[in-house]
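Hello,

Here is the structure I promised to pass on. Have a look at it first, and then read on for what turned up.

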Amino acid sequence: MASKQGEVMWPRLVANKILRKHLGSNNFVADFPSNEVSEELILETPSVDQPSSNLTSTVFNHHKDTNTHKYKVFVSTWNVGGVEPQEDMNMEDWIDTSSDIYVLGFQEIVPLKASNVLGSENSKICMIWNSLIREALNKKRHNNINNPPDFHCIVSKQMVGILISVWIRSNLRPFIRNPSVSCVGCGIMGCLGNKGSVSVRFRLHETSFCFVCTHLASGGREGDKKLRNSNISDIFSRTSFPRGPLLDLPQRILDHDRVIFLGDLNYRISLPEATTRSLVDIRAWNILLKHDQLMVQLKEGQVLEGWNEGAVEFAPTYKYCPNSDVYYGCPPGKKGEKRRAPAWCDRIIWHGEGLKQHVYSRGESKLSDHRPVNAIFTAEVGVLRTLRGYHSFFLSDKLDRVSSKFQVSTTHNFVWKGRSTSLKL
């Protein structure tokens, strides 16, 4: 009976992945149903100085009078090569813990074999990574269990090996609205999720954010760069988010106010392998970067017109021997073995105004054949002037009493958006 069920289910799983509609979705994991919490708090909270009906009309007034606030955003991307992290892994080594928003993107959280690409997602590995992130961000609370969590997960979404996890400081939680995700598969048959993107969007106060976590086509051959460019074009054209009941929410990636693109973009250095290795040995980054495929794309604007990247002042992040600081292929391996030249595969770029990058660096964890890459931004956010009078209410114990009915466990529980099931680590 089990084998017959498997025979029935396997084609169905494959068909679902091939025919999946790549529209914006509320089907993700979070600490709390953030969209409902924030909107209901704004609409239903007892007013401080005026009736709630007046507050509602003020919040949704299309002629908004706003101030600009600045928030610190930490963004990281890491291809972990299908390696499961140890339970005692210390993520503080590469996570800055002084930011307001955290966006952590991963690639290959599971090996990209057929059963993972065609089968159902392995949510267990997602929970392991989210548990490690939670522990790193909320370390102060672990030292004193009476302290509330410093950070909450507002979106966590997996597609095969791609995972994006977004966390926000607790005092910003009431101002998050309209979180949504959109998955685009660009892998096998041009649609499966071994390559592609998982995009997350949300609004903080009056400013929309979109983070696109990607894993593009691999390979160092001549035509592989075109495949990567094609992947990016597909991601831009096929990523779509719900417009919302008032049809006033951004639908496409570039419709958002603040956009960051992160991941294993897989762009290589267009030089002979021996030349690349010799220049890496003497740390001649400026010479190498003149031949970096992504740099060329950014300058020529073929698929990334208007995008920006900070100064790359760190060593190539790929490809390392396991648990080593030695690049793969140095010294020469076995005859016939693929020799992948070092490259800056792992990148973070952004589009538009209102973002200022302060840090662009790499971590040194040896978990996989890639090194993690981190960036820290200041993001400008529009805040309604009329909400300033309610700021003390939102951050007071009154808010805690109002929102307590929405709370799930603040340790290791997640709410699956659109379902009543909680996932426990």
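A good place to start is Asn308, whose bridge partner in S11 is Trp350. Please keep in mind throughout that this is a predicted model.

Staying with that pairing, Trp307 has His351 as its bridge partner in S11. Strand S10 (307–308) and strand S11 (residues 346–351) pair in the antiparallel sense, over two bridges. Trp350 also turns up elsewhere, since it is the bridge partner of Ile260. That contact belongs to the pairing of S9 with S11, where six bridges join the two strands and the sense is antiparallel. As for how covered S11 is, five of its six residues are buried.

Now for the sheet as a whole. It is an open sheet of six strands in the order S6-S7-S8-S9-S11-S10, and the pairing is mixed. Strand S6 (176–185) and S10 stand at the edges with a single partner strand each, so one side of each has no neighbour in the sheet. Helix H7 (residues 224–238) lies across S6, strand S7 (196–204), S8, strand S9 (258–264) and S10, and runs at about 135° to S6.

One residue in the sheet deserves a closer look: Thr214, which sits in strand S8 (residues 207–215). Is Thr214 buried or exposed? Thr214 is buried, because its relative accessible area is 0% and the cut-off for buried is under 20%. Leaving aside neighbours within four places in sequence, Thr214 is in contact with Gln107, Gly196, Ser197, Ile235, Phe261, Leu262, Gly263, Asp264 and Leu265.

Next, two helices that you may like to view side by side. In helix H5 (residues 123–137), the 15 residues should span 21 Å at 1.5 Å a residue, and the end C-alpha atoms are indeed 21 Å apart, so the two values agree. Of those 15 residues, 11 are buried, so H5 is largely enclosed by the rest of the structure. Among the buried ones are Ile125, Met127, Trp129, Leu132, Ile133 and Leu137, and also Asn130 and Arg134.

Helix H8 (residues 273–281) has Thr276, Arg277, Leu279 and Val280 as its buried residues. Seen down the axis of H8, these fall within an arc of 165°, so they line one face of the helix. This fits a general rule: an α-helix has 3.6 residues a turn, so residues three or four places apart point the same way. On the other side of H8, Ala274 and Asp281 are exposed. The cover over the buried residues of H8 includes helix H9 (285–289). Just after H8, Arg283 takes a positive phi of about 55°.

Finally, the aromatic rings. A search of the whole structure finds 16 aromatic pairs. One of them is Trp285 with Trp344, an edge-to-face pair with 5.8 Å centre to centre and 85° between the planes. Trp285 lies in helix H9 and Trp344 in the loop between S10 and S11, so this pair ties together parts that are 59 residues apart in sequence. Both Trp285 and Trp344 are buried. Elsewhere, ring pairs link Trp78, Trp94, Phe106 and Trp129 into a cluster. You met Trp129 above among the buried residues of H5.

Happy browsing, and best wishes.

Notes:
Residues are numbered from 1 along each chain as its sequence is written. This is a predicted model: local features need pLDDT of at least 70, side-chain atom pairs count only at pLDDT 80 or more; totals for chains, interfaces and linings use all residues. Side-chain values use heavy atoms; hydrogens and water are left out. Helices (H or I, at least four residues) and strands (E, at least two) are DSSP runs, numbered from the N terminus. Buried means under 20% relative accessible area, exposed over 50%, partly exposed in between (1.4 Å probe, protein chains only). Contact means heavy atoms within 4.5 Å. The expected span of a helix is 1.5 Å times one less than its number of residues. The arc is that of the directions from the helix axis to the C-beta atoms. Two strands pair if DSSP finds at least two bridges between them. Axes are lines fitted to C-alpha atoms, for helices over the stretch in contact, and angles run from 0 to 180 degrees between N-to-C directions. Rings of Phe, Tyr and Trp (its six-membered ring) pair if their centres lie within 6.5 Å; planes under 30 degrees apart count as stacked, over 60 as edge-to-face and the rest as tilted.
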